[in-house]
Amino acid sequence: MSNEPITLTAGDAEATVLPGNGGRIGGLRVGGTELLRQGERYGCFPMVPWCGRIREGRFRDGAAVHRMPLNSPPHAIHGTARDAAWRTARVTAGEAVLTYDLADPWPYPGRVTQVVTLGEDALTLTMAVETYASSFPAQLGWHPWFNRTLDGADGAGAVITFDPAWQEERGDDHLPTGHRVDPKPGPWDDCFGMPDGVDVTLTWPGRLELRVTSPEQWVVVYDEQEAAVCVEPQTGPPDGLNTLPRLVTPVEPLEATTTWSWTRL
């Protein structure tokens with residue numbers, strides 16, 4: 001199938017999926033109101049085969065050391081799949097299935113499958129990495145850019161509410177130092193631990209409440225930009241290929257899921 005834009009609908013919810021632009025969700029409209037920041041690099045993109053920054057672009061797998069391009073010098077950031085065209089495997093009114101085959105500069109063969117499912121009051125994203133060759137470390141996650149205000153309205157923007165167990169101490173290089181600290185007030189560009197699963201609520205006062213959940217235990221929250229806020233569930237912390245690797249093997253893929261559910265206020 002082609003990699004042309006896909007429109008999913010359910011009730012008054014509508015999502016645009018862009019296989020040709022990194023397999024990202026280009027827009028999510030509820031009752032005609034756009035929730036995601038618009039633009040070629042925004043929306044919500046999958047982070048794979050790693051999330052956040054890799055220190056100096058280098059990661060070790062056994063005795064081998066691999067280097068990824070420094071697309072956020074001095075680090076590599078957010079994986080390779082967001083810069084690639086994905087293939088459309090299947091589409092129905094409320095669901096799209098996309099695939100992407102890992103390729104250079106990533107050193108290992110593998111296939112990523114992403115399923116986008118839209119309901120009347122929720123969007124669910126599921127992703128898996130599988131291989132039939134060598135095992136390798138990987139991470140999965142999503143990087144949504146939610147509009148800080150809806151419809152460009154004046155007044156209070158989105159309020160972020162969550163109760164993490166800890167915050168990863170952030171070094172001057174924007175990477176975790178390896179120390180866990182008590183959660184600090186924002187603004188944030190930080191990784192948090194939620195051992196019972198990610199559970200973060202965005203509230204646009206008087207308009208909409210959106211809850212981001214995931215069985216995963218890690219979430220990066222970024223709200224240092226005026227136009228948008230980000231809530232990023234992922235399978236490990238930044239630089240996790242080095243500090244907390246999750247292996248993809250021929251018998252065990254790496255899988256993750258997140259659901260955004262909304263309620264009108």
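Val198 stands opposite Ser214 of strand β22. The pairing of β21 (residues 198-204) with β22 is antiparallel and spans seven bridges. This is a predicted model, in which local features need pLDDT of at least 70 and side-chain atom pairs count only at pLDDT 80 or more, while totals for chains, interfaces and linings use all residues. Residues are numbered from 1 along each chain as its sequence is written, and side-chain values use heavy atoms, with hydrogens and water left out.

**The sheet**

- Strands of a sheet pair through backbone hydrogen bonds, either parallel or antiparallel.
- Here, an open sheet holds eight strands in the order β10-β11-β12-β13-β26-β22-β21-β17, with antiparallel pairing.
- Its edge strands are β10 and β17 (159-161), each paired on one side only.
- Neighbouring strands of this sheet are turned by 15° against each other on average, direction ignored; axes are lines fitted to C-alpha atoms.
- Strands are DSSP runs of E, at least two residues, numbered from the N terminus, and two of them pair if DSSP finds at least two bridges between them.

**Strand β21 and its partners**

- Six of the seven residues of β21 are buried (under 20% relative accessible area, 1.4 Å probe, protein chains only), so the strand is largely enclosed by the rest of the structure.
- On the β22 side, Thr203 stands opposite Glu209.
- β21 and β22 form a hairpin with three residues between them. Gly206, in the turn, has a positive phi of about 75°.
- On the β17 side, three bridges hold an antiparallel pairing with β21. Thr161 stands opposite Thr201 there.

**Thr213 in β22**

- Thr213 is found in β22 (residues 208-214).
- Thr213 counts as partly exposed (20% to 50%) because its relative accessibility is 21%.
- Beyond its neighbours within four places in sequence, Thr213 is in contact (heavy atoms within 4.5 Å) with Val198, Asp199, Thr257, Thr258 and Thr259.
- Thr124 lies 89 residues from Thr213 in sequence, and the two are 9.6 Å apart in space, C-alpha to C-alpha.

**The β10-β11 hairpin**

- Strands β10 (residues 87-91) and β11 (residues 95-101) run antiparallel and are joined by four bridges.
- Arg90 has Val97 of β11 as its bridge partner.
- Three residues lie between β10 and β11 in this hairpin.

**The largest pocket**

- A pocket is an open set of points on a 1 Å grid over the protein atoms alone, where a 1.4 Å probe fits, with protein on both sides within 12 Å along at least five of seven lines. Lining residues have an atom within 4 Å of a point.
- The largest pocket holds about 290 Å³ of space, counted as the space filled by probe spheres set on the points.
- Its lining has 19 residues, and the closest to its centre are Arg53, Ile77, His78, Asp189 and Val220.
- Strands β18 (166-170), β20 (189-193), β23 (218-222) and β24 (228-234) each supply at least two lining residues. β20 gives the most, with three.
- The lining divides into eight nonpolar, five polar and six charged residues. Asp, Glu, Lys and Arg count as charged; Ala, Val, Leu, Ile, Met, Phe, Trp, Tyr, Cys and Pro as nonpolar; the others, Gly among them, as polar.

**The second largest pocket**

- The second largest pocket has a volume of about 180 Å³.
- Its lining includes Arg55, Glu168, Trp218 and Asp239.
- Strand β19 (residues 176-181) gives the largest share of this lining, three residues.
- Six nonpolar, two polar and four charged residues make up the lining of the second largest pocket.

Conventions. Axes fitted to C-alpha atoms, helices over the stretch in contact; angles between N-to-C directions.
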